[in-house]
Amino acid sequence: MRTTTKILSALAIVLTVGGVAFAQEYTKGEIQKIDAAQKKLTIKHGELKNLEMPAMTMVFVVADGAMLEKVKEGQAIEFIADRVNGRITVTEIK
Ligand SMILES: [Cu+2]
């Protein structure tokens, strides 16, 4: 019984640490342009720490075209971007 508790506690710690490592920060941005045909967004974004990129305005590919239906030009968003197949991609919009 005690051993089981210890194993479960150890497992909980491992899962917690793993969760923190994978948690990505949202970055603030403003949608400048939506290109539904190309599945691209132009975003004026804040610093993207995971990509070591300073604030700028640039074009991103979106992971899922459905994400474009939830946003409009001029909208302030919080998003996560990452490199997917060598392209900087918006993977999540809050
Ligand atoms: Cu950029």
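Which residues does Ile-93 touch, once those up to four places away in sequence are set aside? In this predicted model, the list reads Met-67, Lys-70, Val-71, Ile-77 and Phe-79. Keep Phe-79 in mind, since Ile-93 and Phe-79 turn up together again in the core.

Let's step back to the overall layout. Five strands form a closed barrel, in the order 1-2-3-5-4, and the pairing is mixed. Going from one strand to the next, the twist averages 55°.

Now look at what is packed together. The largest nonpolar core has eight residues: Leu-41, Ile-43, Leu-48, Val-62, Phe-79, Ala-81, Val-90 and Ile-93. Three elements each give two or more residues to this core, namely strand 2 (40-45), strand 4 (76-84) and strand 5 (87-93). That fits a broader pattern: in soluble globular proteins, nonpolar side chains tend to be buried together.

Two of those contributors, strand 4 and strand 5, are worth following a bit further. They run antiparallel, and six bridges join them. If you want a landmark in this pair, find Arg-83 and look across to strand 5, where Ile-88 stands opposite.

The loop between strand 4 and strand 5 holds Asn-85, and the backbone does something a little unusual there. Most residues other than glycine have a negative phi. Asn-85, though, has a positive phi of about 50° without being a glycine. Is Asn-85 buried or exposed? Asn-85 is exposed, because just 6 other C-beta atoms lie within 10 Å, and the cut-off for exposed is 12 or fewer.

Glu-52 tells a similar story in another loop, the one between strand 2 and strand 3 (56-62). Glu-52 isn't a glycine either, yet its phi is positive, near 50°. Glu-52 has 7 other C-beta atoms within 10 Å, so this residue counts as exposed too.

One more loop to visit: Gly-65 sits between strand 3 and strand 4. With 11 C-beta neighbours inside 10 Å, Gly-65 is also classed as exposed. How far apart in space are Gly-65 and Gln-38, C-alpha to C-alpha? The distance is 9.0 Å, even though 27 residues separate Gly-65 and Gln-38 in sequence.

So much for the loops; to finish, go back to where we began. Ile-93 belongs to the eight-residue core, and its contacts include Ile-77 and Phe-79. Phe-79 is a core member as well.

How values were computed:
Residues are numbered from 1 along each chain as its sequence is written. This is a predicted model: local features need pLDDT of at least 70, side-chain atom pairs count only at pLDDT 80 or more; totals for chains, interfaces and linings use all residues. A nonpolar core is a set of buried Ala, Val, Leu, Ile, Met, Phe, Trp, Tyr and Cys residues joined through C-beta atoms within 7 Å. A residue is buried if 20 or more other C-beta atoms lie within 10 Å of its own, exposed if 12 or fewer, and partly exposed in between; C-beta atoms are placed from the backbone. Helices (H or I, at least four residues) and strands (E, at least two) are DSSP runs, numbered from the N terminus. Two residues are in contact if their C-beta atoms, placed from the backbone, lie within 7 Å. Two strands pair if DSSP finds at least two bridges between them. Axes are lines fitted to C-alpha atoms, for helices over the stretch in contact, and angles run from 0 to 180 degrees between N-to-C directions.
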